[in-house]
Structure formats: C-alpha cells, structure tokens
Amino acid sequence: MTALIETLRYEGSLAAPLADGAVWSLIRAEARALAAREPVMAPTLMPIIDAGSDAELLAGVLAAGLAVARVDERSLAQLLADVFKANPQILLATEADLQAVKERDPACPGLKHVLVNLKGFQALQTYRAAHQLWVDGRREVASWLSNLASLVFGPDIHPAACIGKAVMLDHGSGIVIGETSVIEDQVSILQNVTLGGTGKETGDRHPKIGRGVMLGAGAKILGNIEVGAYSKVAAGSVVLKTVPPRTTVAGVPATVVRIHRVDEIPAAEMDQTIV
C-alpha cells in the first residue's frame, strides 16, 4: 500500500483511492472525451490534452485561469511547472485533494470537473506553488502569486501557512487563512471561513486545525488555538478557545454542543447538523 493510500484512508471509512499518478490519466481521458463531445470547449481543454507531463498539466490549467488578470500566461505556466516538477510531493497532495472533493461533494461529476471548474481547488493548488516558493526564499514572487490567486479565485491564503493533503475548500469564496495557520490532512472548509488572529499580536498567532475537521460556512476561528482532530465547527460560529477532539462546537462564542462517536469523520461526512 502506498504512502498516499495510507494518507487518504479514513480509518477504513474511505473507498480505496486511485494509485499514484492514476488521477492524471483519468483526467486526460475525461478531457479527450469531452472535447470530442463538445468541440466548442476543446480549446479550453488543450492544457490537459497536450500537456507533456503531470506537472505541466496542472500548471497549464492554473495558468489559464490566473492569466485572466492580464499576466503573461506562458510565463506563469512556466513558473508553476518549474515548481511542480522540482517538488513532486505537490502533485501527490493535488491528487489527494482531487479525490477528496470528488468523494465529499455530491454535485461533483468527476475529477476533471474539480480540476477545471472549482475555484476552491484551483486556489489551493496555486497556494501549494506559492508556499513552495516561500519556503525556497522567493517570498516576493510567492506573495505576488498568492495575491493573484486571491483576486482571481477568491480564497486569501498566506503562502507561509501550512496545509496538508486531502483538503477541500468547498466553493472557496471568502476563505481567509492567516500566515501561521496549520491545517492537517483530510480537512473540509466551507465558504467564508476565517482562520485569523485576534488583533495586532505577532509571532504564532493563527489557528491549528486537526485532521478530519469540518469548518462550517462562515465560521471564524481566531487566535493561536487548536481545533482538535475529527471535530466540527458549526456554520456561523466564532471560536475563541481551543476545541477538544471529536466534538461539535456552535455559537458566538462557540461552546461544545455534542461529543462525537469514535467512528465519525466530519470532513468526510459533510453533515451540517449540530445535534
């Protein structure tokens, strides 16, 4: 069993994911089939169909979207492709993200749909490139790319934030993730969620989100606090204190309203109820 499969398996609750690299072959096949069915869409699918490598495929799709902001598309695609090729772990994280969205979003018809149409996913992958640039010491271009992604896709993700694999930014609109935020694997975040500070403090000042957590629409988690693994923050809640593992919190300010069973995984279930 590969490391990716180990990462994606929700303690036995998740169907076996595709093997490493297989998602790209499936996306290419879906794109070719769609281009044959709908010729008017063929030009927009060329970055997928004609890509020489998986890294170039991902880079080409992201660059085509980001270039709407009057940035040279070829130069941007080259920047992204260079980052993806030099850091193959990014593509593994992308594969995990693709499968996470496909499994958690009941309206999602396939992996190609996630890649081409879902701006939350596209913003997250652009963040992954910007984060690597930040880690590599290229902070000016990392910040520029992060701001460009925010303008085009919506989510505002600081390139220094640390985000794991199999993460879904559902819809993506209005999401803010601060500089010292940490998001572990297998997390689902809905629209208008803020992972922010509480004022003008410096240093480590943003939330830490545990594995398997779901953050409901409009939730605000503020300060250097933890949301424990496999917990849920209800829509519209304001969280100012650490959340214990395997609990649901709700309200302003948020308080514990339910203790979870050990087999519950909010990020995968996407259940918005709180009782």
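**Loops, strands and a helix pair in a predicted model**

His 171 counts as partly exposed, at 49% relative accessibility (that label covers the range between buried, under 20% relative accessible area, and exposed, over 50%, using a 1.4 Å probe and protein chains only). The structure is a predicted model, in which local features need pLDDT of at least 70 and side-chain atom pairs count only at pLDDT 80 or more, while totals for chains, interfaces and linings use all residues. Residues are numbered from 1 along each chain as its sequence is written, and side-chain values use heavy atoms, with hydrogens and water left out.

His 171 sits in the loop between strand 3 (168-169) and strand 4; helices (H or I, at least four residues) and strands (E, at least two) are DSSP runs, numbered from the N terminus. The phi of His 171 is near 70°, a positive value in a residue other than glycine. Asn 192 is another such case, with phi near 65°. Asn 192 belongs to the loop between strand 6 (188-189) and strand 7 (194-196), and with 37% relative accessibility Asn 192 is partly exposed.

Next come the sheets. Strands of a sheet pair through backbone hydrogen bonds, either parallel or antiparallel. Here two strands pair if DSSP finds at least two bridges between them. One open sheet has five strands in the order 1-4-7-10-13, with parallel pairing. Strand 1 (156-157) and strand 13 (238-239) stand at its edges with a single partner strand each, so one side of each has no neighbour in the sheet. Strand 1 pairs with strand 4 (residues 176-177) in the parallel sense, over two bridges. Asp 156 has Val 176 as its bridge partner in strand 4.

Strand 14 (247-250) has partners of its own. Strand 12 (residues 232-233) pairs with strand 14 in the parallel sense over two bridges, and Val 233 stands opposite Val 249 of strand 14. Strand 15 (255-259) runs antiparallel to strand 14, and four bridges join the two. Along this pairing, Thr 247 is opposite Ile 259, while Val 249 has Val 256 as its bridge partner. In a regular strand the side chains alternate between the two faces of the sheet. Both faces of strand 14 are covered, with Thr 247 and Val 249 buried on one side and Thr 248 and Ala 250 buried on the other.

What lies between strand 14 and strand 15 in their hairpin? Four residues separate the strands, and Gly 251 takes a positive phi near 110°. A cis peptide bond, with omega about -5°, joins Val 252 and Pro 253, and Pro 253 is part of the loop between strand 14 and strand 15. Ala 254 is in that loop too. With a relative accessible area of 24%, Ala 254 is partly exposed. Neighbours within four places in sequence aside, Ala 254 is in contact (heavy atoms within 4.5 Å) with Ser 237, Val 238, Val 239 and Val 249. Ala 254 and Val 243 are 11 residues apart in sequence, and their C-alpha atoms are 9.0 Å apart in space.

The loop between strand 15 and helix 10 (266-269) holds His 260 and also Arg 261. Are these residues buried or exposed? His 260 is buried, with a relative accessible area of 8%, whereas Arg 261 is exposed at 51%. The side chain of His 260 makes a polar contact of 2.6 Å with the side chain of Thr 248. A polar contact is a pair of N or O atoms within 3.5 Å; within protein, one must be able to donate a hydrogen and the other to accept it, and residues adjacent in sequence count only if both atoms are side-chain atoms. The His 260 side chain also reaches the backbone oxygen of Thr 247, at 3.4 Å. Neighbours within four places in sequence aside, the contacts of His 260 include Tyr 230, Ser 231, Lys 232 and Pro 266. Arg 261, for its part, has a 3.0 Å polar contact with Asp 263, side chain to side chain. The C-alpha atoms of Arg 261 and Val 83 are 41 Å apart, with their positions 178 residues apart along the chain.

Val 83 brings the text to the helices. Helix 5 (residues 73-86) packs against helix 9 (residues 139-153) at an angle of about 115°, with the axes 13 Å apart. Axes are lines fitted to C-alpha atoms, for helices over the stretch in contact, and angles run from 0 to 180 degrees between N-to-C directions. Leu 76, Leu 79 and Leu 80 of helix 5 make the contact with Val 141, Trp 144, Leu 145 and Leu 148 of helix 9.
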